[in-house]
There are 2 protein chains.
Amino acid sequence: MAAQVSRRAEDYLRIIYEVVSRKGYARIKDIAISLNVKPATAVEMMKKLKHENLVNYEKYGGVTLTPRGKEIAEIVKKRHDVFQKFLEILLVPKDIASKDAHILEHQLDPKTILQFTRFVEFVVSSSERPKFVERWMEHFRKYCEQQERSKI
Amino acid sequence: MAAQVSRRAEDYLRIIYEVVSRKGYARIKDIAISLNVKPATAVEMMKKLKHENLVNYEKYGGVTLTPRGKEIAEIVKKRHDVFQKFLEILLVPKDIASKDAHILEHQLDPKTILQFTRFVEFVVSSSERPKFVERWMEHFRKYCEQQERSKI
DNA sequence: AAAAACTTTTAGGCTAGCCTAACCTTTTTA
DNA sequence: TAAAAAGGTTAGGCTAGCCTAAAAGTTTTT
């Protein structure tokens with residue numbers, strides 16, 4: 001059983017997850033900076049998330065995830081990684097891919113997410129196997145380059 | 001110059017565009033039903049859109065798009081169609097593809113949208129040309145079927 | 001250990017979108 | 001054509017997220 005939290009709450013959970021896995025706990029400031037909001041806003045969200053039992057948070061203390069919060073964050077992160085990889089396969093520039101993966105990772109139907117996931121797995125797993133994907137990707141790349149040239 | 005309207009405003013414009021092209025004008029009720037909101041909410045948005053010169057709207061009258069509104073609606077619809085097609089290529093069931101295309105069509109970076117578009121064009125345009133795409137798609141389809149079987 | 005610098009919290013405000021309930025207007029129908 | 005039904009509008013409210021400014025707490029520096 002996963003979510004039932006808002007899109008924005010998912011963002012907060014994912015960011016906390018990332019910061020915590022880097023340095024053990026997250027400060028309000030880290031969260032605020034990562035999400036481009038003011039500290040006051042991050043505090044407000046922490047209160048909500050604590051109330052929903054998703055984060056451990058005490059005034060002036062570091063923030064960590066509860067098991068339930070972590071569970072959600074992991075699902076969200078997995079989705080995020082799929083979309084990021086996916087956009088890279090589609091030859092979207094890396095910085096933009098990172099930004100837009102955030103947007104994709106919300107709200108989509110589980111079946112849609114499943115197909116995105118399969119697409120990525122298919123492409124990645126085929127790198128060693130028969131050459132179809134490689135050739136296909138090569139063709140796609142060339143197609144894009146050609147489009148790029150005719151644009152200028 | 002296209003947008004600068006909210007995601008939700010884009011939804012309203014696209015729906016109005018669709019209804020108008022079907023029957024010449026849109027009633028508040030049509031809009032409200034299509035977007036799953038109450039009539040009062042649709043009226044409120046019409047006032048905003050009128051104020052931004054995107055719709056022609058008078059109390060108790062039918063709604064149509066201004067040239068500017070139409071311009072935006074067309075861009076939004078084009079994006080929508082690309083994503084719909086895209087999800088179908090990814091073998092997402094049609095009804096879900098339609099629903100989720102709505103979600104994809106917002107907020108993405110122009111470069112990302114460009115790559116989605118190219119992907120779709122590449123796949124579609126290659127149906128007559130060399131067999132790479134076809135074979136590739138065939139392989140992807142088989143991969144998915146296999147996954148599907150091992151799920152049950 | 002007090003001052004300075006930084007971080008966090010609180011309080012009060014704002015906007016976008018949505019809702020309900022009550023009230024108009026327009027259309028249909030007996 | 002008047003009454004009923006359907007459709008549209010207004011007013012007042014609500015929530016999620018975000019903000020600023022000022023207060024309060026914590027950490028670092030001297």
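# A walk through two chains and two DNA strands

Start in chain B: helices α1(B) and α4(B) sit roughly perpendicular to each other, because an angle between 65 and 115 degrees counts as such. Their axes cross at roughly 95° and come within 8 Å. Keep in mind as you click around that this is a predicted model.

**Stop 1: the α1(B)–α4(B) contact.** Select B:E10, B:L13, B:R14, B:I16 and B:Y17 on α1(B). Then add their partners on α4(B), which are B:G69, B:K70, B:I72, B:A73, B:V76, B:K77 and B:H80. Color the set by class and you should get six nonpolar, two polar and four charged residues.

**Stop 2: another helix pair, in chain A.** Hop over to α4(A), residues 67–89, and look at how this helix packs on α5(A): the angle is about 140° and the axes are 8 Å apart. The two helices are therefore oblique to each other. As for handedness, α4(A) makes a right-handed crossing with α5(A). To light up the contact, pick A:H80, A:F83, A:Q84, A:L87 and A:E88 from α4(A), plus A:K94, A:A97, A:S98, A:D100, A:A101 and A:L104 from α5(A). That contact has five nonpolar, three polar and three charged residues.

**Stop 3: where the chains meet.** Now show chains A and B together. How many residues of chain A are in contact with chain B? There are 28, and they meet 28 residues of chain B. On the chain A side, select α5 (94–104), α6 (110–125) and α7 (132–151), each of which supplies at least two residues. Helix α7(A) gives the most, with nine residues. By class, this side of chain A splits into 17 nonpolar, five polar and six charged residues.

**Stop 4: a pause on α6.** While you're in chain A, click A:E121, which is in helix α6. This glutamate is partly exposed, with 14 other C-beta atoms within 10 Å. Now select A:F86 as well: A:F86 and A:E121 are 35 residues apart along the chain, yet their C-alpha atoms are separated by 9.4 Å.

**Stop 5: DNA strand C.** Show strand C and the 18 residues that surround it. Which of them are closest? Zoom in on A:R27, A:K29, A:A40, B:S6 and B:A40. For the secondary structure, highlight α2 (28–35) and α3 (39–51) of chain A, then α1 (7–23) and α3 (39–51) of chain B; these elements give two or more residues to the surface near the strand. The surface holds nine nonpolar, two polar and seven charged residues.

**Stop 6: DNA strand D.** Switch to strand D, which has 18 residues around it. Here A:S6, A:A40, B:R27, B:K29 and B:A40 come nearest. At least two residues each come from α1 (7–23) and α3 of chain A and from α2 (28–34) and α3 of chain B. The classes around strand D come out as nine nonpolar, two polar and seven charged.

**Last stop: two asparagines.** Most residues other than glycine have a negative phi. Select A:N53, in the loop between α3 and β1 (55–56) of chain A. Its phi is positive, about 65°, although A:N53 is not a glycine. Is A:N53 buried or exposed? A:N53 is exposed, because 11 other C-beta atoms lie within 10 Å and 12 or fewer counts as exposed. Finish on B:N53, in the loop between α3 and β1 (55–56) of chain B. B:N53 has a positive phi of about 60° and is also exposed, with 11 other C-beta atoms within 10 Å.

Conventions. Residues are numbered from 1 along each chain as its sequence is written. Chains are lettered from A and ligands numbered from 1 in the order in which they are written. This is a predicted model: local features need pLDDT of at least 70, side-chain atom pairs count only at pLDDT 80 or more; totals for chains, interfaces and linings use all residues. Two residues are in contact if their C-beta atoms, placed from the backbone, lie within 7 Å. Helices (H or I, at least four residues) and strands (E, at least two) are DSSP runs, numbered from the N terminus. Ala, Val, Leu, Ile, Met, Phe, Trp, Tyr, Cys and Pro count as nonpolar, Asp, Glu, Lys and Arg as charged, and the others, Gly among them, as polar. A residue is near a molecule or strand if its C-beta atom, placed from the backbone, lies within 6 Å of it. A residue is buried if 20 or more other C-beta atoms lie within 10 Å of its own, exposed if 12 or fewer, and partly exposed in between; C-beta atoms are placed from the backbone. Axes are lines fitted to C-alpha atoms, for helices over the stretch in contact, and angles run from 0 to 180 degrees between N-to-C directions. Angles under 35 degrees count as roughly parallel, over 145 as roughly antiparallel, 65 to 115 as roughly perpendicular and the rest as oblique. A crossing is left-handed if the near helix is turned anticlockwise from the far one by less than a right angle, and right-handed if clockwise.
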